[in-house]
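This briefing addresses the structure shown below. It covers confidence, overall make-up, aromatic contacts, one sheet, and one helix with its surroundings.

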Amino acid sequence: MFASGTDTGHESAGVVPMRFVWPYGGRSVFLCGSFTRWIDHIPMSPMEGCPTVFQVICSLTPGYHQYKFIVDGEWRYDEHQPFVSGNYGVSNTVFLPREADVIPATFSPTGPGRSSMDLDDVFVHSGDPSQDVTRGISDADLEVSRHRVSAFLSTHTAYELLPESGKVIALDVKLPVKQAFHILHEQGVPVAPLWDFSKGQFVGVLSAMDFILILRELGNRGSNLTEEELETHTISAWKEGKLHLRRQIDGNGRSDPRHLIHAGPYDSLKDISHKILSGNVSTVPIIHSSSQDGSFPQLLHLASLSGILKCICRHFRHSASTLPILQQPICSIPLGTWVPKIGESDPRPVAVLRPNASMGAALSLLVQADVSSIPIVDENDSLLDIYSRSDITALAKDKAYAQIHLDEISIHQALQLGQDANSPYNGQRCHMCLRSDPLHKVMERLASPGIRRLLIVEAGSKRVEGIISLSDVFRFLLG
C-alpha cells in the first residue's frame with residue numbers, strides 16, 4: 001500500500017498500512033509494540049461473522065518492528081508468526097522492506113497520507129482474499145462459472161450496449177485545450193473521442209489524465225496554469241507533446257503514438273472486454289461505417305466494462321444457480337487488491353492519501369503508481385473520501401486552474417472546489433462494500449452507472465481493507 005506521513009512541509013517517511021490479526025479469541029484484545037513505543041495500546045475489533053478473530057490496521061514505517069497482543073489483560077504473542085526474545089519477553093516481529101512498499105521520493109516532498117474518494121479500474125491482484133475464510137468453491141465450479149460467462153460474452157455483441165437514446169460527446173483535435181477542459185466538466189464526462197477533419201476519422205481520446213499531465217508539466221516549470229497557456233495549445237498540439245512526456249514517464253525512449261482502440265457494433269462483448277483490459281483504457285468507442293474503406297465513420301457509443309457487466313447481471317439474474325461463484329464472499333476468492341496482513345508482502349499495494357496531502361502529491365501518485373483513484377483516510381486509516389482522475393475536471397469550475405499552485409493546495413481544498421456551495425456534500429462519492437459481501441452483490445453495484453470501483457471497508461470503523469475495480473472483476477471472470 002502506498003502512503004506517506006503527515007504533511008509537514010518537508011520530506012517525510014512513507015508508511016505502510018498493515019493488518020494485524022489475533023485469531024484465538026478473547027473478550028478484549030489490544031495491540032502494542034515498538035511502533036507505539038510500548039506505551040499506547042491499540043484496540044482490535046472482532047471481524048464481522050468471526051467473533052473470535054480480532055484485527056486492526058496500523059500504518060507503519062518501513063523497517064523492523066516488534067509487537068505483542070494484550071488479551072483479556074494478559075500479554076500474548078502469536079506462535080504461528082515470527083517471534084524473538086528480547087527486553088519485552090517473547091515478541092512477534094515484522095520487517096517491512098523500504099524499496100517495495102514506499103512511494104519514491106519523486107512522488108512528493110509533502111508526503112501524501114491516506115484518503116478515500118473514487119477509485120478507477122486500477123488494481124489487479126490476487127492478494128489477501130482467502131486468508132480469513134475457507135474457500136467454499138471448487139476448481140470445477142469456478143471453471144464452469146467462467147465458461148458460462150465467457151460463452152455469454154462471446155455470443156452477444158456491442159449492439160446490446162447501445163442505448164435507445166442518448167448522446168456521445170466528440171471533440172475536434174483543433175479545439176483549444178482550455179475549451180476542451182471546460183466541455184468535459186460541463187458535460188460531466190471524463191473522456192471524449194477525438195475527430196480529425198483532415199483525416200476524416202477518429203484518431204484518439206482526450207481524458208482526465210491528459211489534464212493531469214498538463215497540470216504536472218506546468219507545475220514542474222514552476223508556473224501556475226494560466227488561461228493564456230491553455231488557449232495556445234490545441235488538442236493535437238498537446239497530443240504531440242504528450243509523446244515526449246510519455247517517454248519521460250516510461251523511461252524507455254519510445255515515441256510511437258498509441259493508436260485508437262475501438263470496436264465495431266458486431267464485435268462480441270468478450271472481444272471488447274479484452275480490448276479494454278489489454279489496452280488499459282476505461283472506454284472503447286463503438287464506431288460504424290457503411291463504406292468498405294471505413295470512410296464517414298459514425299460514433300455510436302462508448303463501451304465500458306460497467307455496461308458489459310450490467311448485461312451479465314441482467315442475463316444471469318434469474319439463473320444465478322448456474323454460476324456457483326456468485327454466492328461466494330469476496331474475501332474467499334482471488335479478487336481485488338487488499339491491505340496485506342502482517343508478514344505478507346504485496347508487489348502492488350493499495351495507494352492512499354491523507355486529506356492534507358498536496359494536490360501535486362496526489363497527481364504524481366495517480367500517474368506514477370498507475371492508478372486512477374486514491375482513497376483518502378484519516379489518521380486511523382478510516383475512509384473519508386476519494387480522489388480520482390476525473391475529479392481533475394472540477395478545476396474548470398470558475399476557472400480554478402488559473403488560481404492554484406499544485407504544491408500549495410491540499411486534496412481537501414481541491415475537493416471543496418469541485419463541490420456546489422449551495423448543495424450539501426454528497427456522501428455517495430465513496431462506494432463501499434464489506435469483505436463478507438457475496439460476489440453477485442459486488443457485481444450489481446459495479447454495474448451501476450458511474451461506479452467503477454468499490455472500497456472494501458471494515459464494518460463500523462470504515463478502515464480501508466482493500467479495493468475491487470471493474471477490471472478486477474473481469475479478469476477474475478474471464479480467467
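Accessible areas here come from the Shrake-Rupley method with a 1.4 Å probe. On that basis the protein chain exposes about 21,700 Å², and carbon and sulfur atoms supply 50% of this area. The model is a predicted one, and the mean pLDDT of the protein chain is 78.

**Confidence**

- A pLDDT of 70 or more is reached by 78% of the residues of the protein chain.
- Among the elements of the chain, helix 7 (residues 269-279) has the highest mean pLDDT, at 95, and strand 10 (residues 114-115) has the lowest, at 31.
- Over residues 1-13, pLDDT stays under 50; the model nevertheless has 49 contacts beyond four places in sequence for this stretch.
- Residues 421-427 also stay under 50 in pLDDT, and for them the model has 5 contacts beyond four places in sequence.
- Where pLDDT is low, the predicted coordinates should not be read in detail.

**Overall make-up**

- The protein chain contains 12 helices and 21 strands.
- It has 479 residues, of which 51% count as buried.
- Of the contacts in the protein chain with a separation of 6 or more, 70% are between residues 24 or more positions apart.
- One example of residues remote in sequence is given by Met 47 and Arg 435: they are 388 residues apart in sequence, while their C-alpha atoms are 9.7 Å apart in space.
- Met 47 belongs to strand 4 (residues 45-47) and is buried, with a relative accessible area of 5%.

**Aromatic pairs and a charge over a ring**

- The count of aromatic pairs comes to 12.
- Among them, Trp 22 and Phe 69 form a tilted pair, with 5.0 Å centre to centre and 45° between the planes.
- Trp 22 lies in strand 1 (residues 16-22) and Phe 69 in strand 6 (residues 63-71), so this pair ties together parts that are 47 residues apart in sequence.
- Trp 22 counts as buried because its relative accessibility, 1%, falls under the 20% cut-off; Phe 69 is likewise buried, at 1%.
- Another pair, Trp 195 with Phe 197, is edge-to-face, at 5.8 Å centre to centre and 85° between the planes.
- Is each partner of that pair buried or exposed? Trp 195 counts as buried, at 17% relative accessibility, whereas Phe 197 is exposed, with a relative accessible area of 61%.
- Ring pairs also link Phe 20, Trp 22, Tyr 24, Phe 35, Tyr 67 and Phe 69 into a cluster.
- Arg 146 lies over the face of Phe 476, at 5.0 Å from the ring centre.

**The sheet of strands 11, 12 and 13**

- Three strands form an open sheet in the order 11-12-13, with mixed pairing.
- Strand 11 (171-172) and strand 13 (201-207) stand at the edges, each with a single partner strand, so one side of each is left without a neighbour in the sheet.
- Strand 11 pairs with strand 12 (residues 191-196) in the parallel sense, over 2 bridges.
- Asp 172 stands opposite Trp 195 in strand 12; Trp 195 is also the buried member of the edge-to-face pair with Phe 197.

**Helix 7 and its surroundings**

- The buried residues in helix 7 include Leu 269, Ile 272, Ser 273, Ile 276, Leu 277 and Gly 279.
- An α-helix has 3.6 residues a turn, so residues three or four places apart point the same way.
- What covers the buried residues of helix 7 includes helix 2 (139-154), strand 14 (283-288), strand 15 (298-304), helix 8 (305-316) and helix 12 (470-478).
- Ser 273, in helix 7, is buried, with a relative accessible area of 0%.
- Which residues does Ser 273 contact, leaving aside its neighbours within four places in sequence? They are Leu 153, Leu 305, Ile 308, Phe 474 and Leu 478.
- Ser 273 and Arg 475 are 202 residues apart in sequence, yet 9.3 Å apart in space, C-alpha to C-alpha.
- Just after helix 7, Asn 280 takes a positive phi of about 55°.

Methods. Residues numbered from 1 in each chain as written. Predicted model: local features only at pLDDT ≥ 70, side-chain atom pairs only at ≥ 80, totals over all residues. Heavy atoms only, no water. pLDDT = per-residue confidence, 0-100. Helix = DSSP H or I, 4+ residues; strand = E, 2+ residues; numbered from the N terminus. Contact = heavy atoms within 4.5 Å. Phe/Tyr/Trp six-rings, centres within 6.5 Å; stacked < 30°, edge-to-face > 60°. Buried < 20%, exposed > 50% of the residue type's maximum accessible area, 1.4 Å probe, protein only. Lys NZ or Arg CZ within 6 Å of the ring centre and 35° of its normal. Pairing = 2+ DSSP bridges.
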